[in-house]
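The following exercises concern the architecture of a two-chain model. Each task is followed by a solution that proceeds step by step.

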Amino acid sequence: MADGKKIATRDSYGESIRDLAAEHEDILVLDADLAGATKTAVFQKAWPDRHIDCGIAEADMIGVGAGLSTMGFVPFCSSFAMFAAGRAFEQVRNTVGYPHLNVKICATHGGISVGEDGASHQCCEDFALMRTIPGMVVLSPADDVEARAAVRAAYEHVGPVYIRFGRAAVPVIHDPAAFSFAIGQAEVLREGRDVALVATGLMVAEALQAAEALAEKGISARVINVCTIKPLDRETILAAARDCGRIVTCEEHSVIGGLGEAVCSLLAETCPVPVRRVGVEDVFGHSGPAGDLLRQFGLSAEHVAQAAEKLVQETA
Amino acid sequence: MLTQEEKKRLQVLACKVRMGVVEGTFHAKSGHPGGSLSAADVITYLYFQEMNLDPSNPRWEDRDRFVLSKGHCAPALYAALAYRGYFPVEELQTLRQIGSRLQGHPNMNLTPGIDMSTGSLGQGISTAAGMALGAKKLGKALRVYALLGDGELQEGQVWEAMMFAAHNRLDNLTVIVDNNGLQIDGPVEKVMSPYPIQEKLEAFGLFAQTVDGHDFDALDRAFAAARERKGQPSAIVMKTTKGKGVSFMEGQAGWHGKAPNAEQYKTAMDELSAALAKVEAM
């Protein structure tokens, strides 16, 4: 968070896929009438012949992408998380996942921070849906630097990948010069021994802030950024469980089926330690400014710090 | 135009494909004979007359592509692939069994010759449109064929794909509709009428023809006209009989997804053997 710069990861997506396309002729971008919002309009401007607008037809877009992939192209199918993972779930499952085709599903507008559009567009279920598909890689970058790296890694990975990007501008927490990215590798951003904050997406910046606040109270919090929701980096999370003995998961997703439950499943079977899940409780969102909604739904540094402090007290 | 010799060869092969369907579903004790038999003639025509293929190189990049959007009719496709030389005919008896390459619905990663995994209705046509667009982008002259059921037209995604194909002027794509008139719950017009089919397809921007799907001469003329048509995708609506070739299955919705028992199997194979002998003697 060095210079306080904020960038929405959807912008990172549009720009990075535009730039990556200069290196790889096989990249195509598909949209479902949302190129302006998914930020692939910048790709479309640079590569008009390689941009395919499918109209408001996400199910067809996923199928067209699957067909194109069998011809040797690497299609990046873009829409909002609600429609890419939600509406087109079965197309993704049966026509991309089952044949294990090289299709990238790039979903912007994940989570509650969609803001004013309200619950119909706030997808807090995408990790849950995508994680259950065998062979699907699920990525959730935390900032601009990681989002760009995730796009490149998704291209280099042969097989289906789902990436969630956000609508709202979020702090840039990584130094691009010192950053390296690999699918399946979580990142320890801060060392700590009392509790581990295991976060993904925009909650990583919040977890870092929470760790600062906890330090002032004498609680040493490790902060782990889990960009790859699947396959989960078991080693890094198990090490945190062993070293800290307590875990707080932090995600802009339902507490059902997302990172929190993935971590709980791993720990329950391998290294049971107390866990608290910070996420969207089992409710729908509503309209409002993104920042206000995140606070209202308990997705802020303050909430993470409170949950961690309470957990430490309860298990002292 | 088909020569007499070509036509006879296709009729012989179609009988064998039908026997393969009965063989497979009997041994599997499950599967979908009705729609497989209504589509047996067009699948035979595609694999033995129309499509540019190389069974010794199933992944040949310039081959024509076939997507069985009505994936439950896999038994007919498997039989055609086996007789075309993609795998041994004896393998048809392994249909739907554990360890078999012949899954209940087509799997492109298991079975040589399958171009797309299908089974969930409405989705195959979108993948065929993607293949056709991809071929155009690559400057390849290959053609793409998608076979749909008439009941499948009830899936909304089918019409998304039709719009996409027409909008992108995919004249290398031919959509075939097997209009056998029956779906699981009964006649299509009673369950949820897709009619009028040809007019709907035309309204969506396709060059549509309606033909007798059991008449090889008619199929040959329709596919030739489709190849000639430039600037728009084509559709061939085939009037067919569900269960065609097995007397007790013909026109019976009940044979959509039911396997013959031992007695029915024998009767069906006797009928098809007699039909084969008759064609061969012509």
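**Exercise 1.** Determine what share of the contacts in chain B with a separation of 6 or more joins residues 24 or more positions apart, and assess the overall form of the chain.

*Solution.* Step 1: two residues are in contact if their C-beta atoms, placed from the backbone, lie within 7 Å. On this basis, residues 24 or more positions apart account for 76% of the contacts in chain B with a separation of 6 or more. The model is predicted: local features need pLDDT of at least 70 and side-chain atom pairs count only at pLDDT 80 or more, whereas totals for chains, interfaces and linings use all residues. Residues are numbered from 1 along each chain as its sequence is written, and chains are lettered from A and ligands numbered from 1 in the order in which they are written.

Step 2: chain B contains 10 helices and seven strands, where helices (H or I, at least four residues) and strands (E, at least two) are DSSP runs numbered from the N terminus. Its radius of gyration, taken over C-alpha atoms, is 17 Å, close to the 19 Å of the globule rule (2.2 Å times the number of residues to the power 0.38) for 282 residues, so chain B is as compact as a globular protein of that length.

Step 3: the C-alpha trace of chain B spans about 50 × 45 × 40 Å along its principal axes. Of the 282 residues in chain B, 53% are buried; a residue is buried if 20 or more other C-beta atoms lie within 10 Å of its own, exposed if 12 or fewer, and partly exposed in between, with C-beta atoms placed from the backbone.

**Exercise 2.** Establish how the two faces of β3(B) are covered.

*Solution.* Step 1: seven of the seven residues of strand β3 (residues 173-179) of chain B are buried, so this strand is largely enclosed by the rest of the structure. Step 2: one side carries Leu173(B), Val175(B), Val177(B) and Asn179(B), and the other Thr174(B), Ile176(B) and Asp178(B). In a regular strand the side chains alternate between the two faces of the sheet. Step 3: β3(B) pairs in the parallel sense with strand β2 (residues 144-149) of chain B over six bridges; two strands pair if DSSP finds at least two bridges between them. Opposite Leu173(B) stands Val144(B).

**Exercise 3.** Give the strand order of the seven-stranded open sheet of chain A and identify the strands at its edges.

*Solution.* Step 1: the order is β3-β2-β4-β5-β7-β6-β12 (chain A), with mixed pairing. Step 2: β3 (51-53) and β12 (228-230) of chain A each have a single partner strand, so one side of each lacks a neighbour in the sheet. Step 3: within the sheet, β6 (residues 137-139) and β7 (residues 161-164) of chain A pair in the parallel sense over three bridges, and Val138(A) has Tyr162(A) as its bridge partner.

**Exercise 4.** Describe the enclosure of α6(A) and the contact between the chains.

*Solution.* Step 1: seven of the nine residues of helix α6 (residues 89-97) of chain A are buried, so the helix is largely enclosed by the rest of the structure. Step 2: its buried residues, among them Phe89(A) and Val92(A), pack against α4 (58-70), α5 (81-87), β5 and α7 (126-131) of chain A together with α5 of chain B. Step 3: at the interface, 23 residues of chain B are in contact with 21 residues of chain A. On the side of chain B that touches chain A, α5(B) gives the most, with 10 residues.
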